[in-house]
Amino acid sequence: MKRTLALLDQSRAALETCGYCPKLCRAACPVSEAEPRDSLTPWGKMSLAWFAARGDVEVDRDVAATAWACTGCFSCREHCDHRNEVAHTLGAARAEFRALGLAPAASEAVIAGFEAKRRATSDSLAELAREPGVSPTADTALLVGCGYATDHPSEARAAIAVTTRLFGTVRLVDGCCGLPLLLAGDRAGFGQSLARLTEQIRGAPRFVALDPGCALVLAEHGAKTLVELAATRLDAFHPVPRLAAYAAVRWQDPCKLGRGLGIYDAPRQLLSRALGRPPDELARVRGEALCSGGGGLLPQTMPEVAGRIAQRRLDEHRDCGGGLLVTGCASSLTSLRGRGVEVADLVTLLDEASRPSDG
Ligand code: SF4
Ligand code: SF4
């Protein structure tokens with residue numbers, strides 16, 4: 001008898017929709033654009049998951065690996081008449097393949113290193129707690145996220161400064177929403193991490209998330225991005241004179257903020273305040289924006305492909321005339337920086353734009 005996977009019942013509609021589809025979103029996927037293989041198109045990945053779930057193909061490491069060939073950018077959904085949730089379904093497939101012992105080693109390493117990363121985040125947050133305006137009893141809870149806390153602490157500091165100027169004292173949330181575990185197929189670990197974090201923010205009148213990836217996971221727990229909250233207080237921001245030196249200052253829509261949360265105008269309104277004019281644009285913007293390659297654990301599981309995706313976005317920026325590229329998520333920052341283009345996080349510009357003027 002054929003062995004079927006629970007995925008078949010849980011995600012049957014999504015799998016069948018892709019399986020019978022003429023691949024309309026083919027050109028939308030950053031992974032298959034960077035690594036042109038039919039099996040890496042959204043259709044290819046979903047079809048393989050479907051065949052595996054039905055027991056029609058032998059599930060081995062190669063088949064399983066295709067479920068990890070996704071940044072979770074939602075671009076295929078934007079190009080799909082059915083708005084099919086490919087990333088979500090591939091996430092469910094990861095959990096099943098992992099249960100069969102077929103997860104990529106790099107993904108398993110994320111799970112194995114999760115607690116060490118958590119401790120590193122806690123250590124970094126202990127440092128950040130010395131910043132002015134941080135108080136453990138504050139009403140406003142601020143989650144800077146593991147990516148900012150460990151890899152981009154100066155941006156995390158800027159977020160504390162901006163949030164305290166807008167809303168008064170903040171308390172730092174010392175926890176992880178568990179997204180890395182979810183992406184690695186460890187659903188139980190994800191649930192535990194999420195529960196620990198939501199316990200910390202229970203009853204907080206205001207829950208601010210710096211990273212849109214965290215905000216997307218925690219939306220139903222009341223998380224709002226700092227960007228969307230700051231855009232309700234545009235008068236708190238003034239032009240930053242040094243930005244006039246750049247030939248262009250371009251906004252790069254992070255996938256989780258844009259296609260994920262539907263927040264496209266707020267960062268542009270804020271950048272307009274910091275620039276004193278509307279920001280410059282890349283060729284592909286908003287729902288059509290190119291992914292930066294930093295999500296879905298792709299930098300861990302397929303680092304060369306992730307690098308090519310990031311380079312494609314930077315090439316687009318250069319082709320548009322270069323200048324300063326501004327983004328707003330820790331994964332994008334990590335992906336785009338260090339490749340010969342000056343990349344800033346919006347929150348550092350907001351910090352400068354909200355400082356009290358000397359005069
Ligand atoms: S996501 Fe939509 S357009 Fe893309 S293969 Fe699936 S059903 Fe077709
Ligand atoms: S969510 Fe993005 S990376 Fe994943 S399959 Fe769709 S287009 Fe490709």
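## Close-up views of a predicted model

**View 1. Four strands of this predicted model form an open sheet in the order β6-β5-β7-β8, and their pairing is parallel.** Strands β6 (280–281) and β8 (343–345) stand at the edges, where each has a single partner strand, so one side of each is left without a neighbour in the sheet. Within this sheet, strand β5, which covers residues 249–251, pairs with β6 in the parallel sense over 2 bridges. To follow this pairing at the level of residues, look for Trp 251, which stands opposite Glu 281 in β6.

**View 2. A second view is centred on Pro 267, a residue of helix α17, which spans residues 265–275.** Is Pro 267 buried or exposed? Pro 267 counts as buried because its relative accessibility is 0%, and the cut-off for this word is a relative accessible area under 20%. If residues up to four places away in sequence are not counted, Pro 267 touches Val 227, Trp 251, Leu 257 and Leu 346. One of these contacts, Trp 251, is the residue that stands opposite Glu 281 in β6, which links this view to the sheet of View 1. Glu 342 is 75 residues from Pro 267 along the chain, and the C-alpha atoms of these two residues are separated by 18 Å.

**View 3. An open sheet of 4 strands has the order β2-β1-β3-β4, with parallel pairing.** The edges of this sheet are taken by β2 (170–172) and β4, each of which has a single partner strand, so one side of each is left without a neighbour in the sheet. Strand β1, made of residues 140–143, pairs with strand β3, made of residues 206–209, in the parallel sense over 4 bridges, and in this region Leu 143 stands opposite Ala 209 in β3. Strands β3 and β4 also pair in the parallel sense, over 2 bridges, and here the bridge partner of Ala 209 in β4 is Thr 225. Ala 209 can therefore be followed from one pairing to the next, since Leu 143 stands opposite Ala 209 and Thr 225 is its bridge partner in β4, a strand that stands at an edge and so has one side without a neighbour in the sheet.

**View 4. Thr 225 is shown in its place in strand β4, which consists of residues 224–225.** With a relative accessibility of 1%, Thr 225 counts as buried. Which residues is Thr 225 in contact with, leaving aside its neighbours within four places in sequence? They are Val 208, Ala 209, Pro 212, Ala 215, Leu 257, Leu 261 and Ile 263. Among them is Ala 209, whose bridge partner in β4 is Thr 225, and also Leu 257, a residue that Pro 267 touches as well.

**View 5. Ligand 2 sits in the largest cavity.** Of the 14 residues around ligand 2, the ones that come nearest are Cys 29, Cys 70, Thr 71, Cys 73 and Cys 76. Several helices contribute to this shell, for α3 (30–34), α4 (42–54), α6 (75–78) and α7 (86–99) each supply at least two of its residues. By class, the shell around ligand 2 divides into 10 nonpolar, 3 polar and 1 charged.

**View 6. Ligand 1 is surrounded by Thr 17, Cys 18, Cys 21, Leu 24, Cys 25, Trp 43, Cys 80, Asn 84 and Val 86.** The shell around ligand 1 has 7 nonpolar and 2 polar residues, and it has no charged residues.

**View 7. Arg 286 and Leu 297 are found in the loop between β6 and α18 (298–301).** Phi of Arg 286 is near 55 degrees, which is a positive value in a residue other than glycine. Leu 297 is not a glycine either, and its phi is positive at about 70 degrees. As for accessibility, Arg 286 is partly exposed, with a relative accessible area of 32%, whereas Leu 297 counts as buried at 8% relative accessibility.

**View 8. Ser 354 lies in helix α21, which runs over residues 346–354.** Ser 354 counts as buried, because its relative accessibility is 11%. Not counting residues up to four places away in sequence, Ser 354 touches Val 162, Arg 165, Ala 236, Phe 237 and His 238. Although Ser 354 and Asp 235 are 119 residues apart along the chain, their C-alpha atoms are separated by 9.2 Å.

Terms used:
Residues are numbered from 1 along each chain as its sequence is written. Chains are lettered from A and ligands numbered from 1 in the order in which they are written. This is a predicted model: local features need pLDDT of at least 70, side-chain atom pairs count only at pLDDT 80 or more; totals for chains, interfaces and linings use all residues. Side-chain values use heavy atoms; hydrogens and water are left out. A residue is near a molecule or strand if one of its heavy atoms lies within 4 Å of it. On a 1 Å grid over the protein atoms alone, a cavity is a set of points where a 1.4 Å probe fits but cannot get out, and a pocket is an open set with protein on both sides within 12 Å along at least five of seven lines; lining residues have an atom within 4 Å of a point. A molecule sits in a cavity or pocket if more than half of its atoms lie within 2 Å of its grid points. Ala, Val, Leu, Ile, Met, Phe, Trp, Tyr, Cys and Pro count as nonpolar, Asp, Glu, Lys and Arg as charged, and the others, Gly among them, as polar. Buried means under 20% relative accessible area, exposed over 50%, partly exposed in between (1.4 Å probe, protein chains only). Contact means heavy atoms within 4.5 Å. Two strands pair if DSSP finds at least two bridges between them.
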